[in-house]
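Visitor: Could you walk me through this one at bench pace? I have some questions.

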Amino acid sequence: MIRVATLLVSTALALAACAPTVTTPTLGPDGKPLPRVYRINSADEARIEYRMLDSVNALREAAGAAKVSLNSQLNAAAATHSRDMSMQNRPWHFGSDGSSPIDRARRVGYSGQLLGENISETYETELETLAAWMEDSATRDVIVDSSATDLGFAWFQEPNGKIWWTLVTGGSSAPVQLAFDAN
């Protein structure tokens, strides 16, 4: 009898160990669940960049605007700003050295006219961030500006998973008003 009971208990424990573990979400100081962390690894970097480009161009096409192309200089300006926002621990359009989006585009040698900049501090994916930008008229205008021909897009991810996204647009013969906004 003891053998059978031991066998049943051992079997029950083994089966319980195979079941998926359900954990309750970790709560933040406000009592709300902490966000799901989207981890970016080096193998995903090019896919993320081109997924954003394709998505932006689909949105631009739907709005009647021509496609934009990735611009390595604007990508560099965006990357610098994403890292700088993380170091400052605040999403805003001015660098820790007081630089503006236009200053950063000039520093990397961009010869076109900078048209706009969108920024975000989030744990969300690039497509969730793009969707949030499209919900706000100021950030949507940066994305679908018909004067834009060039796109810069970059991010910086902190060890805790927080991502600082920067998207900039530019054009060679664009009219003048610079737009930038955060979401």
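What follows is a short round of questions and answers.

Guide: Quick heads-up: this is a predicted model, where local features need pLDDT of at least 70 and side-chain atom pairs count only at pLDDT 80 or more, while totals for chains, interfaces and linings use all residues. Residues are numbered from 1 along each chain as its sequence is written, and side-chain values use heavy atoms, with hydrogens and water left out.

Visitor: What pattern does the protein chain follow along the sequence?
Guide: Helices (H or I, at least four residues) and strands (E, at least two) are DSSP runs, numbered from the N terminus. The protein chain has six helices and five strands. Read along the sequence, they give α-α-β-α-α-β-α-α-β-β-β.

Visitor: What percentage of the residues in the protein chain is buried?
Guide: Buried means under 20% relative accessible area, exposed over 50%, and partly exposed in between (1.4 Å probe, protein chains only). The protein chain has 183 residues, and the buried share is 39%.

Visitor: Which side chains make a polar contact with the side chain of Glu117?
Guide: Glu117 sits in strand E2, residues 113-122. Its relative accessible area is 1%, so Glu117 counts as buried. A polar contact is a pair of N or O atoms within 3.5 Å; within protein, one must be able to donate a hydrogen and the other to accept it, and residues adjacent in sequence count only if both atoms are side-chain atoms. The partners of the Glu117 side chain include, at 2.6 Å, that of His93 and, at 2.9 Å, that of Arg104.

Visitor: The structure holds four aromatic pairs; why is the pair of Trp92 and Phe94 called what it is?
Guide: Rings of Phe, Tyr and Trp (its six-membered ring) pair if their centres lie within 6.5 Å; planes under 30 degrees apart count as stacked, over 60 as edge-to-face and the rest as tilted. The centres of the Trp92 and Phe94 rings are 5.7 Å apart and their planes stand at 70°, so this pair is edge-to-face.

Visitor: And are Trp92 and Phe94 buried, partly exposed or exposed?
Guide: Trp92 has a relative accessible area of 30%. For Phe94 the value is 32%. That makes Trp92 partly exposed, and Phe94 is also partly exposed.

Visitor: Which residues do ring pairs link into a cluster?
Guide: Start with Phe153 and Trp155, a tilted pair at 5.7 Å centre to centre with 50° between the planes. Both Phe153 and Trp155 are buried. The cluster linked by ring pairs consists of Phe153, Trp155 and Trp165.
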